[in-house]
Every structure is written in C-alpha cells, then in structure tokens.
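Grab a pencil and work through these exercises with the model open beside you. Try each task before you read its solution.

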Amino acid sequence: MVFHQKAEIRRAKSTNRSIMKNAEDIKKIVKDKYAGIVVQDKSSDCGCCCGDDSTINYSVFNESYEAKEGYLKDADFSLGCGLPTDFAGIQPGDHVLDLGSGAGNDCFVARSFAGEKGKITGLDFTEEMVAKANDNKKKTGFTNVEFIQGDIENMPLPDESYNVV
C-alpha cells in the first residue's frame, strides 16, 4: 500500500512538472508574439492574413479608444478586451494597476480618470511592450504613470497599494 502511494506521488510530481513546462512554453510563445507585434512596422500589417513572412498577423478584437481622453495612437495595438476603464469606477486620486498593460493604452486613459493626484502602474511581462509603453509615456508628459516588467503570477509590487485593478 505504501509503495502504491509513493508511486502515485511520483506520478503526480512528474505530471505537475510537465504541466509547468507546458505553461512556461505557452508564456514564451505569448511573449514572443507580443514582442514581434511591438517591433514590426504597423503600416505593414492589415490585421488579417496578409503581409510578408516578417509580419505577425493578429486579429483586432477590441473597441475603439480614439474618442477617449488620454488616448495615444502609438499605444494602441488593438490587443485589448473592450474598454475596461469605462467600467472600472476610477476616481480622482485612485491608484490604478493595469495587468497586461502592453504599450500603455489603458494606463493613459485611466490617468484621465485618476488625474494628477492618482497613480497609474502598468505591469506587463514583455520587455518590448514595457519599453514601448515607456517611450509612449515620454510623449504624454505624465509623471504619475509607470510601467514595470513582471509576471502577473508573481507581481513585483507591494500588496494593498491599489484602489483599482
């Protein structure tokens, strides 16, 4: 009986390692895809299945931000999931955390709600997206917006620091 339980534990550990390996493989694929989207020439992508071999094609599935205060075209890769800032209840002075902030689009729009007294933090796990977001931040002149590279599953941020996530 004990031997059987030990064999089950070994099998479970092996399965968990396999799942973790697959999860890391998936994260790498996602990182590589988003990194490629950032560095490609936006004018060469039609958002469909055209383009040369160097173009990463992806589907656009978010709503338009163009009429939103704080919108910055260079921060909009159309990778979002609707307009979360419209429903987040952000108030002036709030500290906002945007998970998967990409090039900063939602952060810049959230800043329009939180104002100068608020603080907006964008967290993304793609080095290229964080670099693009910081480049975009320079264009806005905002001093209360920051971008941090990190994994949502192990955030390098202090607990209980945000009003809105």
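**Exercise 1.** Is Asp32 buried, partly exposed or exposed, and what does its side chain pair with?

*Solution.*
- Start with accessibility. Asp32 has a relative accessible area of 42%. Partly exposed covers the range between 20% and 50%, so Asp32 is partly exposed. Keep in mind that you're looking at a predicted model.
- Next, find the partner. Asp32 forms a salt bridge with Lys28, and the closest N and O atoms are 2.8 Å apart.
- Finally, place the two. Both Lys28 and Asp32 sit in helix 1, four residues apart, which is about one turn of the helix.

**Exercise 2.** Find the salt bridge between Lys27 and Glu24, and work out how exposed each partner is.

*Solution.*
- Check the distance. The closest N and O atoms of Lys27 and Glu24 are 4.0 Å apart, and the cut-off for a salt bridge is 4 Å.
- Look at the spacing. Lys27 and Glu24 are three residues apart in helix 1 (residues 2–39), so about one helical turn separates them.
- Now compare accessibility. Lys27 has 16%, and buried means under 20%, so Lys27 is buried. Glu24, at 43%, is partly exposed.
- Widen the view. A search of the whole structure turns up five salt bridges.

**Exercise 3.** Which parts of the chain does the salt bridge between Glu146 and Lys119 tie together?

*Solution.*
- Begin with the contact itself. The side chains of Glu146 and Lys119 meet at 3.2 Å, N to O.
- Then locate the ends. Glu146 is in strand 3 and Lys119 is in strand 2 (residues 119–124), so this bridge ties together parts that are 27 residues apart in sequence.
- Add accessibility. Glu146 is partly exposed at 26%, and Lys119 is partly exposed at 33%.
- One more thing to trace: Glu24, Lys27, Asp151 and Glu153 are joined into one network by salt bridges that share partners.

**Exercise 4.** How many aromatic pairs does the structure hold, and how are their rings arranged?

*Solution.*
- Count them: there are two aromatic pairs.
- Take Phe108 and Phe142. Their ring centres are 6.1 Å apart and their planes meet at 45°, so this pair is tilted. Phe108 lies in helix 2 (residues 105–114), while Phe142 is in the loop between helix 3 (127–140) and strand 3 (145–149), so the pair ties together parts 34 residues apart in sequence.
- Take Phe108 and Phe147. This pair is edge-to-face, with 5.8 Å centre to centre and 75° between the planes. Phe108 in helix 2 and Phe147 in strand 3 are 39 residues apart.
- Put it together. Ring pairs link Phe108, Phe142 and Phe147 into a cluster. Phe108 is buried, with a relative accessible area of 0%, and Phe147 is buried as well.

**Exercise 5.** What is unusual to spot in the backbone of Glu160, and is this residue buried or exposed?

*Solution.*
- Read the angle. Glu160 has a positive phi of about 55°, although it is not a glycine.
- Place the residue. Glu160 is in the segment after strand 3.
- Check accessibility. Glu160 comes out at 85%, so it counts as exposed.

**Exercise 6.** Where should you be careful when reading this model?

*Solution.*
- Start with the overall score. The protein chain averages a pLDDT of 76, and 62% of the residues score at least 70.
- Find the weak spots. The pLDDT is below 50 over residues 44–55, and also below 50 over residues 57–61.
- Count contacts beyond near neighbours in sequence. Residues 44–55 have 15 in the model, and residues 57–61 have 20.
- Draw the lesson. Where pLDDT is low, don't read the predicted coordinates in detail.

Key. Residues are numbered from 1 along each chain as its sequence is written. This is a predicted model: local features need pLDDT of at least 70, side-chain atom pairs count only at pLDDT 80 or more; totals for chains, interfaces and linings use all residues. Side-chain values use heavy atoms; hydrogens and water are left out. Rings of Phe, Tyr and Trp (its six-membered ring) pair if their centres lie within 6.5 Å; planes under 30 degrees apart count as stacked, over 60 as edge-to-face and the rest as tilted. Helices (H or I, at least four residues) and strands (E, at least two) are DSSP runs, numbered from the N terminus. Buried means under 20% relative accessible area, exposed over 50%, partly exposed in between (1.4 Å probe, protein chains only). pLDDT is the predictor's confidence in each residue, from 0 to 100. Contact means heavy atoms within 4.5 Å.
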